[in-house]
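Here are some short exercises to work through with the model open beside you. Try each task before reading its solution.

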Amino acid sequence: PALLKRQKLPKNLFDVSPSINKIGAVGEDAQFYEPQDLVCGEMVNVFNREIKLCACDKFTSDYYEKIYGVTQVPDLPIDEGAKTK
């Protein structure tokens, strides 16, 4: 199952669907993530789940550098116990 499809991602789930009677209705104060909010190492709330953005592909990194002036630095966990070849 997919956690997220290609759609606008609300910053607060309850601004978008406040009750069972209004599923899919957008509240007046609903805020959505913008591209500049998505930076490697930051936490994003995806439908009430905290997700850490660890890395992005080269195209996305180049796009953010060109359009927003943001350098996307991978924030990947390093396994100190891993064997190196």
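**Exercise 1.** Find which residues asparagine 45 is in contact with, leaving aside its neighbours within four places in sequence.

*Solution.* Start with the cut-off: contact means heavy atoms within 4.5 Å. By that rule, asparagine 45 touches Leu9, Pro10, Lys11, Tyr33 and Glu50. Next, place the residue: asparagine 45 belongs to strand 1 (residues 43-46), where strands are DSSP runs of E with at least two residues, and helices are runs of H or I with at least four, numbered from the N terminus.

A note before going on: this is a predicted model, in which local features need pLDDT of at least 70, side-chain atom pairs count only at pLDDT 80 or more, and totals for chains, interfaces and linings use all residues. Residues are numbered from 1 along each chain as its sequence is written, and side-chain values use heavy atoms, leaving out hydrogens and water.

**Exercise 2.** Is asparagine 45 buried or exposed, and why?

*Solution.* Asparagine 45 counts as buried because its relative accessibility is 17%; buried means under 20% relative accessible area, exposed over 50%, and partly exposed in between (1.4 Å probe, protein chains only). For contrast, take phenylalanine 59 in helix 2 (residues 58-67): phenylalanine 59 is exposed, with a relative accessible area of 63%.

**Exercise 3.** Trace what surrounds asparagine 48.

*Solution.* First, locate asparagine 48 in the loop between strand 1 and strand 2 (49-52). Then look at its backbone nitrogen, which the side chain of asparagine 45 reaches at 2.8 Å. Finally, beyond its neighbours within four places in sequence, asparagine 48 is in contact with Leu13 and Phe14.

Technical notes
Polar contact = N/O pair within 3.5 Å; in protein donor to acceptor, adjacent residues only side chain to side chain.
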